[in-house]
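Me: Could you take a close look at one part of this structure with me? I am new to this, so please go step by step and link each residue to what surrounds it.

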Amino acid sequence: MKKLKILALAFTVGAIAIFIAADHVDAPGVGGSNADIADFFAFEPQTGSSNTVFVVDLQSNVLPDLTYGEFAEDVLVEINIDLDGDLVEDRVIQAIPRDGTMYFFGPFEPNATGLNSTINTDAALGSVEISSTTAITTTTDSGVSLFAGPRQDPFYFDFVRFNQVINPSMDDNSGFNVPGNDTFDGANTLSIVVEVPNSLLGTPSATNVIGVPVYKTWVTTNRKQ
């Protein structure tokens, strides 16, 4: 999802700042940067769990032969959660780094939706030291688990073969190979992971195509201008 956001930020120093943002590699202003959303995952950690896990992967071109990427302190990541199916965020979870620590806020009902957002420092969710080669996680007293740091890109895609399939030749038109080659094997991303009890998210009234209640969720990044 590509999105432009303007953020009035009041964080640690109480200053007001303006942010704009977009996401994914096709956004020319952020492609390949640490504001570039590679992938977003939301799932139950196991069947029947009363928790939900959100995973945001940024900057998918952090190659293994390069120094691990770093989160930018002028980039706010916001997980948006729609409870009633109108595709407007009813709850948000925010993450922003400061001095080697990732700070989380929410879930809370935002004062503004869409292009505008404000960090709610009164809704601190927890914090975790940003990992390097060794994963560091923390679990709060409210049952929230947090992680931030580099991870191997989980996205499996035979990009070379994909291009050959969509541009077939007379000699090569047999479709995808099984199992194929993972073009992104060994590449890294910057991951932000938060596991939250559903009781903190609220009860969804939205349903999927088979009538099961679901959270409708998306993520945005916001860069300070």
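**A close look around one strand**

Reply: Let's start with Ser191, which sits in strand β12, the stretch covering residues 188-197. Keep in mind that this is a predicted model.

Is Ser191 buried or exposed? Its relative accessible area is 3%, and buried means under 20%, so Ser191 counts as buried. Its side chain has a polar partner there: the side chain of Asp57, at 2.5 Å. Asp57 also appears among the residues that Ser191 touches when those up to four places away in sequence are not counted. The others on that list are Val56, Phe71, Phe147, Ala148, Gly149 and Arg151.

Now for the strand pairing. Strand β12 runs antiparallel to β11, and eight bridges join the two. One pair to find on your screen is Leu146 with Val194, its bridge partner in β12. Strand β11 itself spans residues 145-152, and on another pairing it meets β10, made of residues 137-139. Those two strands are also antiparallel, with three bridges between them. Here Thr139 has Ser145 of β11 as its bridge partner. Five residues lie between the strands of this β10 and β11 hairpin, where Gly143 takes a positive phi near 85°.

You can also follow β12 back to an earlier part of the chain. Thr189 and Ala38 are 151 residues apart in sequence, yet their C-alpha atoms are 7.7 Å apart in space. Ala38 belongs to strand β3, residues 37-43. Because its relative accessibility is 9%, Ala38 is classed as buried.

Finally, let's visit a loop. Asp90 is located between β5 (75-82) and β6 (91-98). What is the nearest side chain of opposite charge to Asp90? That is Arg91, 5.8 Å away. A salt bridge needs the atoms within 4 Å, and Asp90, though buried, has none. What the side chain of Asp90 does reach is the backbone nitrogen of Leu83, at 2.7 Å. Leu83 is also one of the contacts of Asp90 once neighbours within four places in sequence are left aside. That group includes Ile81, Asp82 and Asp84, along with Phe108, Glu109 and Pro110.

To put two of these residues side by side: the side chain of Ser191 makes a polar contact with another side chain, that of Asp57, while the side chain of Asp90 reaches a backbone nitrogen, that of Leu83.

How values were computed
Residues numbered from 1 in each chain as written. Predicted model: local features only at pLDDT ≥ 70, side-chain atom pairs only at ≥ 80, totals over all residues. Heavy atoms only, no water. Helix = DSSP H or I, 4+ residues; strand = E, 2+ residues; numbered from the N terminus. Buried < 20%, exposed > 50% of the residue type's maximum accessible area, 1.4 Å probe, protein only. Polar contact = N/O pair within 3.5 Å; in protein donor to acceptor, adjacent residues only side chain to side chain. Contact = heavy atoms within 4.5 Å. Pairing = 2+ DSSP bridges. Lys, Arg positive; Asp, Glu negative; His and termini not counted.
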